[in-house]
Every structure is written in C-alpha cells, then in structure tokens.
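Me: I'd like to learn how to read a fold from a model, one feature at a time. Could you walk me through it?

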Amino acid sequence: MKKLPKIRSGADPVVVTLSILAAVIGLFSIGMTIAGVRSDDNSSQSSVVVARTSDSSGAQSSLARGMGDASRRADLSVARMDGGRIALVIDDLGGDPASTRRALALPAAVTLAFLPYPPATPALAAMGARAGHEIIAHVPMQADKGAYPGMEALEIVLTPEEITARLESALSRVPFAIGINNHMGSRFTSDATALAPVMRVLKARGLFFFDSKTTPDTKVAEAADRAGVPNAARDVFLDDVQTADAVTAELDRADRIARTTGLATVIGHPHAVTLAVLEGWVARNKARLIPLSEALRLKRQGLQAQR
Ligand SMILES: [Zn+2]
C-alpha cells in the first residue's frame, strides 16, 4: 500500500492540495484493482476449486494457502511490475521414488505431475498433496514416429469410449489430481477429434489440461476452449539438454518471459542435474513461484483484459 505523501509545514498550499488529490486517486485505483481481481477469482477458479475441495485434507490445505496469499491475487499487469510469476511443473514423477521424493521437497508452489502406472504413484501423489503441492496426472499419449509413451497410452486409433476408459483409469491412479498434462503425445494432441472425449471427461470432472506442447501442431487449446475446459501451455522445457549450464540458461529464458509477459510456465524433469540446479534457483525465486491453477487463472484474466 502506498503511504500518503508527507506534507511539510510551510509547503505551497497548491502543491499540498495536488498531493492529497493524487494520493486519494492512487488509493481509489488500488482499491478498484483489488476488487476487480477478487470478483474474477471467485468465478474463474470455480472449476479448480470443485476438484480440489472434493478431495481430502491435503488438497484443502493447499487451496487455503493459495487463497490466503494476497500476492497471488495480482493480475498479469501487476505481476509484470515485480518481475512476473513462474509456474514450475516437475513431470514424469512416480517411476523413480528417490528422485520423486527429492521433487516433493521443493517448495509447495511447485506443481507435481505423476505418471499413472508406476506402483508408487498413488502413495507419492498423496504425500505430495499433503505437503501442499498441486498434483496433476501426467497422462501418456501417442507420440509421432512410434516412440513408446508407456502402458494404456491414449492413441488416435482408439474409439472415444476406449479413450474415455483409459483416461479415467489413469485419473484413478493419481489421487488429488486437479488437472492433466500430456506425457509425449505429439501425435495424439495434434488430433482435435481424438482430444474431444478427453475434454468431455475433464469438463465433467472440473479438471484442466496443461499442454506440455510437444508439437507445434497441438490442438489442445482449440479442443479445450471448445469444450469449456481451462487450459494453458508450457513456455519452457528446462532440460532437453541435461547439463547445469543448459538448465540455467532455460531458467533465464523463463525469467525473461515472466518479466515481459507477467507469467512463464515451465516444465522440468526429475533428472539429478535439473533438481540440483532448481534447489538453488527456487530458494532465490520463491516469491515469484505460483501453482499451476494460479497460472491458469492469470492467463484467463490476461485474455479477458485483451478483449
Ligand atoms: Zn513426460
């Protein structure tokens, strides 16, 4: 909050009057901004809230923390003024319990994406939710060029009923999930027809789709918007090249995007080098980190502002 300017005794009365007027206008506009953000908060986050409150205590406490943090209510333009917000997702979790536990130790604002079928996934996802992280299901989807995305992957040759059944099976393995992102999926996510049953399931359950954006031909935003499913797409992959220098360079790129646009969405993987670089980075950037649901809210607000 801005403080009223100090009025020195003996100051020019015209200057004093103008100063008071400027301060009153300033306070008024700040009040309007807060009021506007709050009312939007209530409406746009409802689908996420439904998903989170229907689960038990871990998700609720993370929700309460998110709602209580006034800095997260800032809209994109306000966010841009103090360096922007960064939503960081670690995916491919569950398969290696040791590196998954290391990701769980990152700040609660880091979102965790679990592969559905590793045996340890349900317990580790629940542990992540209890620690206050947002949890999403990292759903295997068909890749171009025949790379194997894992069992029960969503494929374009499946019927809508089979796609629905596979997605519901994947979701049943990841407790507390408030959305999904795609594991691989360059083929599947470029097919709007194949995505339609996915969006129907997400819409019915109040879940969002975070597009890992593994192909420039992605139809996720188009299909999600048509179905009324909240969505956003990744800006930066941290570790296509697994060296500390490369990961640091990608974090710098995320930093520039956040400063320019107000928001950067980042995906990293539980490689030792990524986690080692992140452990230092998150400590320095904790105030800018936001959970993924908050990034979706900010993005939606930005789109509304452009209209
Ligand atoms: Zn993946």
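Reply: What follows goes from the sheet to its strands, then to a helix, the core and some backbone angles. Residues are numbered from 1 along each chain as its sequence is written. This is a predicted model, in which local features need pLDDT of at least 70, side-chain atom pairs count only at pLDDT 80 or more, and totals for chains, interfaces and linings use all residues.

Me: Let's start with the sheet: in what order do the strands come, and is the pairing parallel or antiparallel?

Reply: In general, strands of a sheet pair through backbone hydrogen bonds, either parallel or antiparallel. Helices (H or I, at least four residues) and strands (E, at least two) are DSSP runs, numbered from the N terminus. Two strands pair if DSSP finds at least two bridges between them. Here eight strands make an open sheet, ordered E6-E5-E4-E3-E2-E1-E8-E7, with parallel pairing. E6 and E7 are the edge strands, each pairing on one side only.

Me: Which strands does E5 pair with, and over how many bridges?

Reply: E5 pairs with E4 (residues 177-184) in the parallel sense over three bridges, and Gly179 sits opposite Phe208 in E5. Three bridges also join E5 to E6 (residues 231-233), again running parallel; there, Phe210 faces Ala232 in E6.

Me: And how does the chain get from one of these strands to the next?

Reply: Look at the helix in between. A crossover is right-handed if, with the strands pointing away from you, the path from the first strand over the helix to the second runs clockwise. E4, helix H8 (residues 192-205) and E5 make a right-handed β-α-β unit. E5, helix H9 (residues 220-227) and E6 make a right-handed one too.

Me: Which way do the side chains of E5 point, and are they buried or exposed?

Reply: In a regular strand, side chains alternate between the two faces of the sheet. "Buried" means 20 or more other C-beta atoms within 10 Å of a residue's own, "exposed" 12 or fewer, and "partly exposed" in between, with C-beta atoms placed from the backbone. In E5 (residues 208-211), Phe208 and Phe210 point one way, Phe209 and Asp211 the other, and all are buried.

Me: Now a helix. Where do the buried residues of H10 lie?

Reply: Find them, then look down the axis. In H10 (residues 244-261) they are Val247, Glu250, Leu251, Ala254 and Ala258. They fall within an arc of 100° (taken from the directions from the helix axis to the C-beta atoms), so they line one face of the helix. On the other side, Asp245, Ala249, Asp252, Arg256 and Thr260 are exposed.

Me: Which residues touch the most others in the largest nonpolar core?

Reply: Nonpolar side chains tend to be buried together in soluble globular proteins. A nonpolar core is a set of buried Ala, Val, Leu, Ile, Met, Phe, Trp, Tyr and Cys residues joined through C-beta atoms within 7 Å. This one has 70 residues, and those touching the most other members are Val89, Phe114, Ile135, Ile136, Ala177, Leu202 and Val266.

Me: Last one: what should I make of a positive phi?

Reply: Most residues other than glycine have a negative phi. Phe176, in the loop between helix H7 (160-172) and E4, has a positive phi near 75°. Phe176 counts as buried because it has 25 C-beta neighbours inside 10 Å. Met184, in strand E4, has a positive phi of about 60°. With 23 C-beta neighbours inside 10 Å, Met184 counts as buried.
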